[in-house]
Amino acid sequence: MPPPAGKDSGFYREGNDWFYKAGLPSDIIVSVDGVNFHLHKFPLIAKCGKMAHIYEESQSTHAKILNTVLEEFPGGPDSFLIAAKFCYGVRIELTPRNTVIIYCAADYLEMTEEYGEGNLLSKAESFFYKSILHNWKDCILALQSCEPVIGRAEKLQIVSRCLNALSVMVCTDPSLFGWPMMMYGSLQSPGGSILWNGINTGARIQSSESDWWFEDISYLGIVLFEKLIKTMEARGIRPENLVGAIMYYARKYLPGLGRWHSGQSSITRTVTSFSLKPVAHDQRVVLETIEKLLPQKKGKSFCRFLLGLLRVALILGVNQTCEDSLERRIGMQLELATLDCLLIPTYSDADTLYNTDCVERILHHFMSTESRIESFSPTSLDMETSPSSGPVRKVAKLIDSYIAEVASDVNLKPTKIRALAEAIPGSARSLHDGLYRALDIYYKAHPWLPDKEKEELCNLIDFQRLSIDACAHASQNERLPLRVVLQVLFFEQMHLRTALAGCLHVLDTESAPAGPTVETAGQIVQRDGWVTVVRENQVLKVDMERMRSRVGELEEEFSKIKQEMKKVSKSHSSLSSPRLVARKIGCKLLPRPSDAQQENLEITEPTPRASVACEATPRASVACEPAPRASSVEQARTSRHSRHRKSFSLF
């Protein structure tokens, strides 16, 4: 009966040689990667077809000790030692970590059922299909162990079967895979089922996390990771989930990329017994591979990630194909970029602080893109909505801000400013205030710039599209050439004329009856002015009514005086003349015909009492009334005097 695993198996090592305690001298020496195994022919020949063939070929030499070298043995000396132990009857313990290696070693040695029932190849194959492919953790471990034997593992379809199994598990409820995880401080399965002593209780934790598998697959090497992503894509996994896994992997192995990655959960999901170790990577190879895996999609967070990836690519010095592809991808969704991401430093020996050439190429890709790429679903990666929001206008505003930011670099040439500004058509800018501000900052940082070059740059600005505030600033800007200032003043006058014409138009439309229209700010101001005039006219009308009322009161008073005069004239007709009575009460009578010249004077001048009573209010009203109302006041005064004349003529 073979000894149990882990007990003394009879094998021992001396320096670089392995021996078996059998009491018999060894008759075959097998060398694997410089390590010599001193063994016996018959245990090996009985289980290994390859060793049987080697022994048959060596019969012609009649050598007592057979020496053989096994080239490129899967797993090296360690895996051969496991196979040798199996040949000597030592029980082998298969685990997810060593099954693939043993599987490949048994295939190399041709340890098939032909050389013994229950041989090592069949045992490893059975354990792989029955145990590993149905468990997420074991499948990940087995796939990671394929790295050193990737060629033979692919030949035996071990890699493809692991990839398919993982893809199916990602698409299925992960709680069915039965391996415990320490998440958020409580023991759970990947799908969120609560575990008690490793037993699924069936209770579900409310969680909508779909990235539980990102951390696990990030322990794979870049070659296997690439194969897994392509297999998942063929299985129909959502592109946003695949991009999330790719971004997680890139952030893990590319330092400095984390700050350009947002929106994804950074919670590390670890398993108590799941001690995977990250593999060593060539960062340049990782970045070039990741760029190939990224889909042709767009999203706000995705664009930010691409710009961060481009920064790292420029630092690592990736191949030109990868760099061009990243710039083209960014250009296809430049309207989603932000200014801080677009400020890419210069990592070469160039004099400028920022890499304006790279931004210019991205801008040309944006303008030359005819068909826009599709977006991720709105629930993922912070999607901007529809193309109707004006991507060209957004990019124009972004580039104006970018020029203003880099303009303070003293080594920046005017040709770079012109190239960036002219890459966007002028019609894309509703206002040229941003471009004017950028040039003003550039002039301030480059005071030695001649007026000719300043004028050439100012030709980029359409002064008709400057706001009133920008025109006011430019007209007093000492950094601008004189010709440009005059041009600004001219267009400022044009603005004022246009505004004045608009005000006059508002006045015309206000005076004429018209239907309801949409009012501008100037129209509202003019309308409020007319409301004030109307209110003043109403006040004047009230004053006129008061004056008329007062005149009526005076007429009534005068009528009473006439009645009193009649009574006096009747009672004292024999004592005095009417003219004497009138003088006593303070009134003047009509003159005689002989006194015509004096009559004119007396008629045109009212009596002192009437003058004080009748003229006080009209004069005050006339002083408050506008010029057009003067004629009506004079008419009222004339009519009043005419009534006085009629009253005087009664006597």
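Me: Which residue in S2 stands opposite Phe11?

Reply: Bear in mind that this is a predicted model, where local features need pLDDT (the predictor's confidence in each residue, from 0 to 100) of at least 70, side-chain atom pairs count only at pLDDT 80 or more, and totals for chains, interfaces and linings use all residues. Residues are numbered from 1 along each chain as its sequence is written, while side-chain values use heavy atoms and leave out hydrogens and water. S1 and S2 run antiparallel and are joined by four bridges; strands (E, at least two residues) and helices (H or I, at least four) are DSSP runs numbered from the N terminus, and two strands pair if DSSP finds at least two bridges between them. The residue in S2 facing Phe11 is Tyr20.

Me: Which residue takes a positive phi in the hairpin of S1 and S2?

Reply: That hairpin has two residues between its strands. One of its residues takes a positive phi near 65 degrees, and that's Gly15.

Me: In what order do the five strands of the open sheet sit?

Reply: The pairing in this sheet is mixed. Strands S1 (11–14) and S5 (66–69) each have a single partner strand, so one side of each is left without a neighbour and they stand at the edges. From one strand to the next, the twist averages 20 degrees (angles run from 0 to 180 degrees between N-to-C directions, and axes are lines fitted to C-alpha atoms, for helices over the stretch in contact). Going across, the order is S1-S2-S4-S3-S5.

Me: What is the bridge partner of Val32 in S4?

Reply: Five bridges pair S3 (residues 28–32) with S4 (residues 35–39) in the antiparallel sense. In S4, the partner of Val32 is Val35.

Me: Is Asp33 buried or exposed?

Reply: Asp33 lies in the loop between S3 and S4. Its phi is near 55 degrees, a positive value even though the residue isn't glycine. Most residues other than glycine have a negative phi. Buried means under 20% relative accessible area, exposed over 50% and partly exposed in between, with a 1.4 Å probe and protein chains only, so at 55% Asp33 is exposed.

Me: Which strands does helix H3 touch as it packs on the sheet?

Reply: Another helix, H2 (residues 49–57), lies across S3 and S5 and runs at about 130 degrees to S5. The direction of H3 (residues 76–87) makes about 10 degrees with that of S4. The strands in contact with H3 (contact means heavy atoms within 4.5 Å) are S1, S2 (17–20), S3 and S4.

Me: Which residues is Ala124 in contact with, leaving aside neighbours within four places in sequence?

Reply: Ala124 has its place in helix H5 (residues 120–130) and is buried, with a relative accessible area of 0%. Val100 is 24 residues away in sequence, yet the two C-alpha atoms are 7.7 Å apart in space. The contacts of Ala124 are with Leu94, Thr99, Ile102 and Tyr103.

Me: How many nonpolar residues are in the contact of H10 with H11?

Reply: The axes of H10 (residues 222–235) and H11 (residues 239–253) come within 11 Å and cross at roughly 170 degrees. Over 145 degrees counts as roughly antiparallel (under 35 is roughly parallel, 65 to 115 roughly perpendicular and the rest oblique), and H10 and H11 are therefore roughly antiparallel. Ala, Val, Leu, Ile, Met, Phe, Trp, Tyr, Cys and Pro count as nonpolar, Asp, Glu, Lys and Arg as charged, and the others, Gly among them, as polar. The contact has one charged residue and no polar ones, and the nonpolar count is eight.

Me: Which residues in H17 do Thr356, Val359, Leu363 and Phe366 in H16 meet?

Reply: H16 (residues 356–368) and H17 (residues 391–406) have axes that come within 12 Å and cross at roughly 170 degrees. They are therefore roughly antiparallel to each other. On the H17 side, the residues met are Pro391, Val392, Val395, Ile399 and Tyr402.

Me: Where in the protein chain is confidence lowest?

Reply: The chain's mean pLDDT is 75, with 67% of its residues at 70 or more. Over residues 589–651 pLDDT stays under 50. Where pLDDT is low, the predicted coordinates should not be read in detail. Confidence is highest in helix H4 (residues 99–109), with a mean of 96, and lowest, with a mean of 37, in helix H26 (residues 608–624).
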